[in-house]
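Let's take a friendly first look at this protein together. Have the sequence and the 3D view ready as you read.

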Amino acid sequence: MDHFHLRDGELYAEDVPLARIADEVGTPVYVYSRATFERHARVFREGLAGVGPAHFAFAVKANPNLAVLRVMQREGFGADVVSGGELARALAAGMAPGDIVFSGVGKQARELIQGLDAGIGQFNIESEEEGEELSAIAAARGLRAPSALRVNPDIDAGTHDKISTGKADNKFGVPIGRAAEIYARLSALPGLEMRGLATHIGSQLSDLAPLERAFEKLGALIAALRAAGLTVSHADLGGGLGVPYRQGDVMPSPAEYGAMVARVTRGWDVTLMFEPGRVIAGNAGVLLTRVVRVKQGVHDPFVIVDAAMNDLARPALYGAWHDFEAVRPSNRRMTANIVGPICETGDTFAMGRDIEGVEPGDLAIFRTAGAYGATMASSYNSRGFVAEVMVDGDKFAVVADRILPEAIAGAERVPDWLD
Ligand code: LLP
């Protein structure tokens, strides 16, 4: 459930008409609903109420906006970060260092140091090599880094190939067949405090079965490690729950996910950790755009909007579907190709889509843009970085300024030897 709804014939975010935001901030602009973030955070937590001790870390990559992170912090979430930049954001948003988990296959020495200096709660080590490096850096500082070993369970999550992470030939984690041996080795290193395992098999999962198989493998590994005399007090089950992108899509609910987790992890005797991103943020944001022009096509007309693949990359990257709705529905329909202004055919949001009739100047939204939206923006075609707004009841605030093309060009220079 979200808070973007029709009222008196026009779309609102909570109690604010989207047209007002377009007038005051311009388009394209991402609009987030605080109430929706909070609702999703609570529904997720409630869904997992039956699993015993649990820690919730919002996957910052899904939406790193500082205001969003603050909302999550106020909901009692920590952060799952994958770079020094994300770590700095989580801290700036007020998250307790101990509630931060650092994942990622390519953490650099300076990022490991940044995490150690901040006193973060857990490093999710993705390779034996990384474990050795972290241990050496921590030991040199007289520290032991609280760590989990990320395991690649070799399971096909059944999602888009580019967002699958748990197959043997994906770059993530250590192969499950070698995990016990690597865990034992890392446990003996002076700079690590090995406290558990982590796994994450992919994103936008529409089926719980692959997750369940992955968790079963993790459970067997925990038992094997303990039988070998090793300590396991934490198990990080990652994120991955899918969200409905298309009206009518049915996805597993947090309650169904929670029931599955409770069943599979019974008797594990660990603190479970979760790293949800999309399921919290996806439907808490929309991309508000204005129709620039409607151009005749050979088949369907092209609705050219002022948002483009640089603002919302998911359709171009993954062929993803985002529902498109007019802010003031006209009650007539049209079949159209929805495209942005960028000079490549990949800049297409939808082909042959049945939509409400729109005309030049009309406002419209792409739904489910709160996760992996603004954060994946670029400045391709020398377009700026899109602005972001958060709505709270009947008020709203710009939570990220639009970065103009001039500002981006301002960071460039022509060396004097080109004069
Ligand atoms: N934990 C780890 C270690 C991850 O790699 C990810 C996402 C998450 C948690 C959060 O997963 P979620 O709950 O959001 O599914 N840009 C792509 C999605 C990439 C996801 C990468 N990892 C997209 O737009 O679909």
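**The ligand and its surroundings**

A polar side-chain atom of tyrosine 372 sits 2.7 Å from an oxygen atom of the ligand. On its own the ligand would expose 590 Å², and the protein buries 92% of that. Keep in mind that this is a predicted model.

**Polar contacts with the ligand**
- Tyrosine 318 places a polar side-chain atom 2.8 Å from a nitrogen atom of the ligand.
- Glycine 240 takes part through its backbone: a polar backbone atom there is 2.9 Å from an oxygen atom of the ligand.

**Who surrounds the ligand?**
- You can find 18 residues around the ligand, and the closest are Ser203, Glu275, Arg278, Arg314 and Tyr372.
- Sorted by class, this shell holds six nonpolar, six polar and six charged residues.
- Where does the ligand lie with respect to domain 1 and domain 2? Domain 1 (4–32 + 282–409) and domain 2 (104–274) both contribute residues to the shell, so the ligand lies between them.

**Helix H1, a helix with two sides**
- Helix H1 covers residues 18–25, and its buried residues include Leu18, Ala19, Ile21, Ala22 and Val25.
- Those buried residues span an arc of only 160 degrees around the axis, which puts them on the same side of H1.
- Which residues are exposed on the other side of H1? They are Asp23 and Glu24.
- Just after H1 comes glycine 26, which has a positive phi of about 85 degrees.

Technical notes. Residues numbered from 1 in each chain as written. Predicted model: local features only at pLDDT ≥ 70, side-chain atom pairs only at ≥ 80, totals over all residues. Heavy atoms only, no water. Near = heavy atom within 4 Å. Polar contact = N/O pair within 3.5 Å; in protein donor to acceptor, adjacent residues only side chain to side chain. Areas by Shrake-Rupley, 256 points an atom, 1.4 Å probe, with all protein chains shown as cover. Nonpolar A, V, L, I, M, F, W, Y, C, P; charged D, E, K, R; others polar. Domains from an automatic or database assignment. Buried < 20%, exposed > 50% of the residue type's maximum accessible area, 1.4 Å probe, protein only. Helix = DSSP H or I, 4+ residues; strand = E, 2+ residues; numbered from the N terminus. Arc of directions from axis to C-beta.
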